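Thanks for coming, everyone. Let me put the sequence and the model on the screen, and then I'll walk you through it.

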Amino acid sequence: MARERAGEVLAANLRLLREESGLSLSELARRSDIAKGTLSQLESGAGNPTIETVFSLSSALQVPVSSLLSQRTDPDVVLVRSADLEVLSSNAVDLRMLRRLDITAEVVEVYDQRVRPGETQQSAGHHGREHVIVTGGNLLVGPPDNPFELGQGDYVCFPAGRPHIYRSLGGPVTSVLLLEYPADAGPPTVAGCAVPRSEPTVVKPVG
C-alpha cells in the first residue's frame with residue numbers, strides 16, 4: 001500500500017508538470033530518452049522507476065527531483081514516513097527523498113540512501129555538491145581514483161562535477177545524502193555539467 005501511495009504521488013506530479021510545460025507524452029519521451037509506454041505507465045501509477053529514470057525526467061522537465069516525488073502540501077510541521085516514499089533503485093543504491101529545502105540561492109535535497117554490497121554505483125558527474133553522512137556500515141565514496149572511506153558517523157562533502165562512485169565495504173550501508181545545487185542551475189542530471197574542482201578535506205582519502 002505504501003508503494004502504491006508513493007506511485008500515486010509520482011504519477012500526479014509527473015502528469016501535472018508535463019501539462020504545465022505544455023509537453024505531450026511523445027515530446028517528453030524524446031527529451032528524456034524514456035519510452036512513451038514507460039511514461040504512460042508512470043503517469044497511471046504503475047511501473048518501477050529507477051534513479052536514472054527520475055533524474056532524466058527532472059532534467060527534461062527542468063524541475064528538481066523533489067517536485068516529482070514530494071506530495072504537494074505545505075504544513076507547519078513536516079512528517080515524512082519512510083515507508084510511504086517511492087524507492088529509486090539502481091544496481092547498488094536505493095534512494096528515498098525526504099525533503100527539499102530552498103535556501104536563498106541554493107537548493108538542498110535530502111535523501112535516505114542505502115548502498116547494497118557487491119556492486120559499485122558510478123556517476124559521470126553533475127553540477128552541485130554532494131554531502132554524505134554514514135549512519136551504519138562502511139562506505140567508499142568519491143572520485144574513483146582517490147575515494148574516501150567513511151565509517152559510521154563520518155561525513156564528507158565533495159564537488160559532484162567529476163565522476164564519482166559509491167561502494168559498500170562489507171555489508172549494507174545506511175546513509176544520508178544531501179544534493180546541493182544553485183536554484184538557477186536546474187536540477188542535477190546523471191551526466192550533468194562540471195563545477196569548479198576542489199579537494200574535500202573532511203576525511204582522509206583511502207590509499
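I'll go through the salt bridges, then the strands, then one loop, the cavity and a last pair.

First, the ground rules. This is a predicted model, where local features need pLDDT of at least 70 and side-chain atom pairs count only at pLDDT 80 or more, while totals for chains, interfaces and linings use all residues. Residues are numbered from 1 along each chain as its sequence is written, and side-chain values use heavy atoms, with hydrogens and water left out.

Salt bridges, then. The term means a side-chain nitrogen of Lys or Arg within 4 Å of a carboxyl oxygen of Asp or Glu. How many turn up in a search of the whole structure? The search finds six.

Take R18 and E43. Their side chains meet in a salt bridge at 2.5 Å, N to O. This pair links distant parts of the chain, 25 residues apart: R18 sits in helix α1, residues 2-20, and E43 in helix α3, residues 36-43. A word on those labels: helices (H or I, at least four residues) and strands (E, at least two) are DSSP runs, numbered from the N terminus.

Are these two buried or exposed? For the cut-offs, buried means under 20% relative accessible area, exposed means over 50%, and partly exposed is in between, with a 1.4 Å probe and protein chains only. R18 is buried, at 11%. E43 is buried too, with a relative accessibility of 11%.

Next, R30 and E27. This salt bridge is 2.6 Å, N to O. Both residues belong to helix α2, residues 25-32; they are three residues apart, so about one helical turn separates them. R30 is exposed, with 58% relative accessibility. E27 is partly exposed, at 22%. There is a third member here: E27, R30 and R31 are linked in a network of salt bridges.

Now D94 and R116. Their closest N and O atoms are 2.6 Å apart, and they form a salt bridge. Again the pair links distant parts of the chain, 22 residues apart: D94 is in strand β2, residues 93-103, and R116 is in the loop between β3 (106-115) and β4 (120-123). D94 counts as buried, at 15% relative accessibility. R116 counts as partly exposed, at 28%.

On to the strands. Two strands pair if DSSP finds at least two bridges between them. Start with β3. Eight of its 10 residues are buried, so β3 is largely enclosed by the rest of the structure. It has β2 as an antiparallel partner, over 10 bridges. In that pairing, R100 stands opposite E109 in β3. The β2 and β3 hairpin has two residues between the strands, and T104 takes a positive phi near 45° there. β3 is also joined to strand β10, residues 173-182, by 10 bridges, and these two run antiparallel. There, D112 has V176 in β10 as its bridge partner.

Then β4. In a regular strand the side chains alternate between the two faces of the sheet. Which side chains of β4 point to the buried face? Q121 and S123 point to one face and are buried, while T120 and Q122 point to the other and are not. Four bridges join β4 to strand β9, residues 164-168, in antiparallel fashion. S123 has H164 in β9 opposite it.

Q121 brings us to S90, in the loop between β1 (88-89) and β2. A polar contact of 2.3 Å joins the side chains of S90 and Q121. By polar contact I mean a pair of N or O atoms within 3.5 Å; within protein, one must be able to donate a hydrogen and the other to accept it, and residues adjacent in sequence count only if both atoms are side-chain atoms. S90 is buried, at 13% relative accessibility. Leaving aside neighbours within four places in sequence, S90 is in contact (heavy atoms within 4.5 Å) with I51, E52, R116 and Q121.

Last, L79. This residue lies in the loop between α5 (65-69) and β1. L79 is exposed, with a relative accessible area of 60%. From L79 to R99 is 20 residues in sequence and 9.8 Å in space, C-alpha to C-alpha.And the cavity. A cavity here is a set of points, on a 1 Å grid over the protein atoms alone, where a 1.4 Å probe fits but cannot get out; lining residues have an atom within 4 Å of a point. L69, L85, E86 and M97 line the largest cavity.

Key. On a 1 Å grid over the protein atoms alone, a cavity is a set of points where a 1.4 Å probe fits but cannot get out, and a pocket is an open set with protein on both sides within 12 Å along at least five of seven lines; lining residues have an atom within 4 Å of a point.
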